[in-house]
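I opened the model to look up a few local features and kept notes as I went. The entries follow in the order in which I checked things.

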Amino acid sequence: MEFTTRGLWTMLHGMGFGALYLLAFSGALIELYRAKSGDTLRQESHNSVFLRYYLAAMAALAWLAVLSGAYIVYPWYRAAAPAGTANLAAFPQLLLKSSPSTARWHSLGMEWKEYVAWIAPISSTMAAAIAWRYGSDLRSFPPLRAAVFNFVVISFLAAALAGFTGAMLNKHAPVEGGRTVPVLRGDAR
Amino acid sequence: MNRTGATSTNGAGAAAVLAAGIGSFVLGVGDVAADKSPALKSFFNFYKATGPLSGVTTVAIVAWLIAWALLDRRWRNRDVPMARTNAIAYVLLGLALLLTFPPLADLL
């Protein structure tokens, strides 16, 4: 069993940073919801510290996802093929555009995903910054807490959309190539 | 005001919320601009391997951070009308979502 370096980076981008961000979303929602409840002072302080680190970790994951996507995986995706190239397997964008049945995955899927995904790090950084600044005082500012909550929800939707289209794109035209990395060696049965 | 007993003001938070809306909106506008104008598409090509995406996102992030710094400096020690700030931020965020959706952007 083996992976290519491009395949590994694509997995790290989508199934590592991106999927972890999406998994973290439900926890953030619960903590933000709890931020309005009347916990004891000690619980409140503990929860606000947890929320600070949790949202900061989510923001870091969102940045890692978009930066690895835009600057490591996307250049491989949009690479130009030398003239006369018949096998487009190493050129995912061209491969998708070569068939009417897959062209929309690029013109709609990738063209939406590549921009909308950036709303996630902007929104989650804002949420983390507010959690750090206000801590347990956030419960005293209901409209501010609501804004943080709503931006986190929108950032999840943007990331989920990017994640879904990324998975579909990689299904129809996987980003592969580069050095081969063996993972498990053994005889076939 | 919009609070129920805390000692700090809502200004710093409002600045962060509105700046996030502004940054997202600039992202959406940049996406459409790069798509519609060959000159802007070329301008946004900050990193050739990534294409205009590199410039649009860099400009949006810079705009977001500048807006955040300026608003924070102005509002840090004040209470601001949070409902209005939120409404503006939501509209900007909504427009960003619409502008990044290719079929809608194609209609412009």
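Entry 1. I started at Val59(B), which is partly exposed, with a relative accessible area of 30%. The model is predicted, and I keep that in mind for each entry. I placed Val59(B) in helix H3 of chain B, which covers residues 52-75.

Entry 2. I then asked which residues make the nonpolar surface patch with Val59(B). I found Leu40(B), Phe43(B), Phe46(B) and Tyr47(B) beside Val59(B) in that patch, and its area is about 440 Å².

Entry 3. I looked up how many salt bridges there are over all chains. The count comes to one. I noted that Asp72(B) and Arg76(B) form a salt bridge, with 3.1 Å between the closest N and O atoms. That distance is within the 4 Å cut-off, so the pair counts.

Entry 4. I checked whether each partner of the salt bridge is buried or partly exposed. Asp72(B) has a relative accessible area of 15%, and the limit for buried is under 20%, so Asp72(B) is buried. Arg76(B), at 36%, is partly exposed.

Entry 5. I turned to chain A and its helices H1 (residues 5-34) and H6 (residues 142-172). I read an angle of about 155° for their packing, and their axes are 10 Å apart. An angle over 145 degrees counts as roughly antiparallel, and H1(A) and H6(A) are therefore roughly antiparallel to each other. I also noted the hand of the crossing of H1(A) and H6(A), which is left-handed.

Key
Residues numbered from 1 in each chain as written. Chains lettered and ligands numbered in written order. Predicted model: local features only at pLDDT ≥ 70, side-chain atom pairs only at ≥ 80, totals over all residues. Heavy atoms only, no water. Patch = residues over 30% accessible without salt bridge, like charges linked within 9 Å, V, L, I, M, F, W, Y side chains within 5 Å. Areas by Shrake-Rupley, 256 points an atom, 1.4 Å probe, with all protein chains shown as cover. Salt bridge = Lys/Arg side-chain N within 4 Å of Asp/Glu carboxyl O. Helix = DSSP H or I, 4+ residues; strand = E, 2+ residues; numbered from the N terminus. Buried < 20%, exposed > 50% of the residue type's maximum accessible area, 1.4 Å probe, protein only. Axes fitted to C-alpha atoms, helices over the stretch in contact; angles between N-to-C directions. Parallel < 35°, antiparallel > 145°, perpendicular 65-115°, else oblique. Left-handed = near helix turned anticlockwise from the far one by under 90°.
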